[in-house]
Amino acid sequence: MSAASNAGGSPHSPRWTLADLAEWDRRIRAKAKEFGLDCYPQEFELCDHTGMLGYMAYSGMPSHYPHWSYGKSYEKLKTLYDHGVSGLPYEMVINSNPAIAYLMRDNSLLLQVLTIAHVYAHNDFFKNNFTFKSTRAELTIEAFKAAAMRVRRYVEDPSIGVDQVERILDAAHALSWQCRRNLAIKKLTPAQQMARAEDSAQGQPDPFQKIHARKQIEAPDFHKVPLEPDEDLLLFIRDHNPFLADWEKDLLTIVDEEAKYFISMMETKIMNEGWASYWHKKILESLELDQGLHLEFIVNHNQVVRPIPGQINPYHLGLKIWEDIYRRFTSPTADEIKRDGPPVKSGAEKIFEVREVERDASFIRRYLTEDLVRELDIFEYEARGEELVVSKVADDDGWREVKATLIANVGTNSIPVMKVEDADFGRNRTLYLKHYHDGRDLHIEYAEKSLGYLQRLWGREVVLETVLDGKRSLLCCNDRGFSVRALK
Amino acid sequence: MPNGDTIFREYRISDAERSDRSAGDRLRHRQKVRESIRENIADIIAEESIIGKDKDRVIKVPLRGIKEYRFVFGDNAPGASQGNGDSRPGQVVGKTGKDRPGKGDEQAGDRPGVDYYETDVTLEELIEIMFEDLELPNLERRALREIQSDYSTRRKGYRKVGIRIRLDKRRTAKQRVMRMLASDKRIGAEAARAAEKSEESQAAAGVEGALDEIALEEGRLEQAEPAASTGAAFQRVHRRFPFHQDDLRYKHVEIDTKEESNAAVICIMDTSGSMDTMKKYLARSFFFLLYQFISTRYRNVEIVFIAHHTEASEVTEEEFFHKGESGGTFISSGYAKALEIIAARYHPSLWNLYAFHCSDGDNFDSDNPVALKHAEELAGICNLFGYGEIKPLGSRYYESSMLNVFRRIQAPNFHTVLIERKEDIWPSFRAFLAKDRVKEA
């Protein structure tokens with residue numbers, strides 16, 4: 001959500017007043033409306049650099065529960081900032097209704113204007129993209145605040161205390177991304193799962209059942225827990241570990257809810273930043289800035305959206321794709337018409353449709369064309385010994401694979417998928433998980449520690465089925481420690 | 001577009017000051033860092049790099065406890081990123097483990113390696129953390145061995161009586177003003193303010209002179225006699241109001257004697273042919289810890305190095321750790337030398353003595369009875385006497401050992417440890433210090 005990784009110039013006393021900002025805001029809002037952006041009400045808060053570092057450490061939330069990891073994150077951000085390694089973002093926006101954005105008070109007028117335009121595009125995206133539909137924006141702030149209060153209460157409770165709370169939170173944080181990725185897909189209740197299992201056991205109705213031998217119907221095992229593999233790890237533990245206290249269950253719920261809030265952000269990083277960059281550019285170009293401001297705008301805009309060799313700059317990649325979609329639906333080349341047929345809708349219609357129905361993975365899959373992959377010189381790299389070596393580049397043979405690798409690394413695709421298969425493995429209350437291996441092995445040290453956390457929450461042995469170096473393996477974690485067993 | 005106006009919230013300093021919200025979490029994080037260092041101290045000690053280095057040296061210490069683990073992909077997961085426009089297969093774009101390209105975003109799902117897991121501490125801090133929960137046995141019971149190492153004075157509060165030289169003029173003047181305001185209602189608020197302003201500066205200068213009067217004036221306070229030394233401003237508003245005995249304030253000074261005890265660490269090492277580099281390294285690490293620890297507990301620490309093979313000599317630190325010797329071993333020679341040095345320079349009634357001997361236990365059999373006798377003597381005069389047998393893993397099965405011989409020593413302040421690997425150093429060191437000497441010297 002940050003607009004840029006570079007600090008906005010030297011800290012100087014701003015040559016603008018709040019009234020100036022309000023005036024520019026009015027003009028920007030008028031433009032945004034004209035272009036068809038549809039936003040929540042917006043609130044801006046001015047803050048200084050310590051305030052901004054604080055918001056960054058706590059993911060932008062005005063109130064957030066305490067945990068040492070945020071202190072660590074703050075120290076890290078501050079160190080990087082103090083040593084000039086990284087600058088501060090121009091702004092932060094949080095997905096809430098009304099949307100809240102923080103502006104750095106030391107920034108110049110142009111940067112504020114640019115940022116305000118950028119914020120409105122984020123705001124529109126939060127309101128309209130399907131991944132955010134399941135987040136209840138009007139409750140965001142309140143939910144975080146209520147969670148913070150509850151956690152503080154547990155910390156202060158003499159029968160619980162900070163060590164106990166951290167014991168759960170540390171473990172929950174380690175597992176929090178192991179949750180449902182696509183929140184638009186409804187999770188079935190156990191009763192619905194049961195009905196579905198029953199349906200599928202009966203199979204398709206056979207029109208020739210009179211002449212076929214009767215098919216053996218195998219009764220589904222309704223005693224199995226879970227009926228279908230479950231990827232909501234924290235919630236599963238909350239619901240199936242009978243030894244957890246209420247406050248422990250509450251902590252798991254809090255961490256899970258927060259993770260789900262951020263899953264949507266992760267899933268749309270490239271689209272969202274590209275969208276915001278696309279519109280701040282368009283809005284500022286239409287504002288008829290005077291020459292000085294316009295030059296400053298060009299410099300800052302290019303700073304934000306420049307390609308960074310050796311990385312993927314989401315601002316750059318996103319903006320390029322959005323511009324390409326608009327161009328292809330407005331003035332396609334002859335080759336493109338030959339390939340895709342003439343456009344059926346206008347460029348504007350198309351981009352608004354895309355911003356509603358896609359997320360990063362599908363956005364890239366559908367709209368990152370071969371030409372763009374080549375133009376942006378996206379390559380694939382892999383580790384060989386100590387070094388990272390380019391393995392495929394955007395040529396005739398390689399571009400599809402390069403694109404596939406890119407997709408495999410955006411959003412939640414960079415998190416291994418694992419699901420609970422059985423909560424009573426070996427009739428021993430062992431938790432059996434399966435890693436859905438897609439060619440990428442787990443980092444074994446991290447897996448060991450994370451399994452340790454899982455065992456802490458589950459209270460019994462946990463095993464994880466995965467593939468290591470092409471061999472099916474079982475990682476076990478119990479009271480005796482961690483071990484790896486090869487499966488047949 | 002919403003109909004309502006956008007809200008702009010002004011920056012407020014008070015909010016900014018209040019909003020140091022991360023303070024508590026930062027504190028907790030720092031505690032975790034410290035805890036983590038303490039837990040890994042044995043590994044850090046085992047790293048050779050810290051031995052014998054100066055105290056301000058910064059050491060990188062791995063932090064295990066505070067790394068945030070998640071399920072992530074390992075090294076065989078390819079990544080994608082953007083190039084300059086001329087990327088070719090085979091080009092090297094970075095190093096594994098360090099910042100991997102392809103991840104501009106520090107959100108979750110990050111690869112390992114981005115997380116920082118080292119911190120810098122100085123050797124001094126490290127030593128402090130290390131010894132935080134260790135106590136040197138028998139430290140305070142050495143009344144006779146305490147020497148007044150430091151004589152200093154320390155200010156501590158104020159008194160109404162004292163010697164003239166410690167008079168606090170400013171406070172005395174203030175007292176007088178306070179008494180004046182309290183005693184005389186006729187002085188209005190304004191006069192008081194004027195008085196206070198000029199008084200404090202002038203009176204301080206005038207106190208000295210006024211004091212001489214006090215002796216005379218005691219008991220006849222009411223005598224309204226204008227005094228030249230009490231300041232013009234005051235005279236304007238009021239009659240003379242002299243100092244009284246009760247106004248006088250003296251700085252109170254306490255004599256702060258630090259009964260520092262002296263300690264001598266006597267390091268005895270076997271430098272015979274059988275002590276190879278590895279064994280010497282283990283011995284050295286142990287001596288290093290001992291010296292560092294004792295330095296934290298005594299102000300005045302002297303260290304004596306004795307190297308012995310068949311005969312012993314006192315050597316410098318450099319020679320002690322680096323000089324190779326050869327030949328056979330008479331452990332008794334080292335002890336005899338230690339006893340000789342103690343007799344000559346470190347009388348047990350004045351010095352706390354810590355002796356430690358490292359050897360591989362390969363002594364000439366004929367020397368054992370003498371060694372045993374000397375060891376008992378050493379144990380008798382030292383606060384703590386230790387014998388560390390260094391047997392790199394496995395070798396204890398075929399080499400002779402002094403541990404059996406020394407088992408006969410009954411002294412409670414004698415302690416033997418067996419060091420097989422560098423990981424043993426820290427546990428043995430703790431065990432060595434855990435041995436408290438019951439008997440009072």
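**Notebook: strand 10 of chain B, the A–B interface and salt bridges**

I began with a single residue in this predicted model and noted that B:Ala355 stands opposite B:Phe385, which belongs to strand 11 of chain B. I then looked up how the two strands run, and found that strand 10 and strand 11 (residues 384-390) of chain B pair in the parallel sense over six bridges. Following the chain onward, I saw it leave strand 10 of chain B, pass through helix 11 (residues 368-381) and enter strand 11, a β-α-β crossover that is right-handed.

Next I asked myself whether strand 10 of chain B is enclosed or open, and what its burial says about that. Nine of the nine residues of this strand (residues 351-359) are buried, so the rest of the structure largely encloses it. In a regular strand the side chains alternate between the two faces of the sheet, and I therefore checked the faces separately. B:Trp351, B:Leu353, B:Ala355, B:His357 and B:Ser359 are buried on one side, and B:Asn352, B:Tyr354, B:Phe356 and B:Cys358 are buried on the other, which leaves both faces covered.

I turned to the interface, where 66 residues of chain B are in contact with 100 residues of chain A. The two chains bury about 7600 Å² between them, with 56% of it on carbon and sulfur atoms. Across this interface I counted 41 residue pairs in polar contact, both residues at pLDDT 80 or more, and eight salt bridges. On the side of chain B that touches chain A, helix 2 of chain B supplies the largest share, six residues.

Two of the salt bridges between the chains I wrote down individually. A:Asp163 forms one with B:Arg28, the closest N and O atoms being 2.9 Å apart. A:Glu45 forms another with B:Arg9 at 3.3 Å between the closest N and O atoms; A:Glu45 lies in strand 1 (residues 42-47) of chain A and B:Arg9 in strand 1 of chain B, so this pair joins two chains. A:Glu45 counts as buried at 19% relative accessibility, the cut-off being under 20%, whereas B:Arg9 is partly exposed at 28%.

Within chain A, I looked at A:Arg26 and A:Glu23, whose side chains meet in a salt bridge of 2.8 Å, N to O. They are three residues apart in helix 1 (residues 18-35) of chain A, and about one helical turn therefore separates them. Both are partly exposed, A:Arg26 with a relative accessible area of 46% and A:Glu23 with 38%.

Methods:
Residues numbered from 1 in each chain as written. Chains lettered and ligands numbered in written order. Predicted model: local features only at pLDDT ≥ 70, side-chain atom pairs only at ≥ 80, totals over all residues. Heavy atoms only, no water. Buried < 20%, exposed > 50% of the residue type's maximum accessible area, 1.4 Å probe, protein only. Helix = DSSP H or I, 4+ residues; strand = E, 2+ residues; numbered from the N terminus. Pairing = 2+ DSSP bridges. Right-handed = clockwise from strand over helix to strand, strands pointing away. Contact = heavy atoms within 4.5 Å. Buried area = accessible area lost by both parts, 1.4 Å probe. Salt bridge = Lys/Arg side-chain N within 4 Å of Asp/Glu carboxyl O. Polar contact = N/O pair within 3.5 Å; in protein donor to acceptor, adjacent residues only side chain to side chain.
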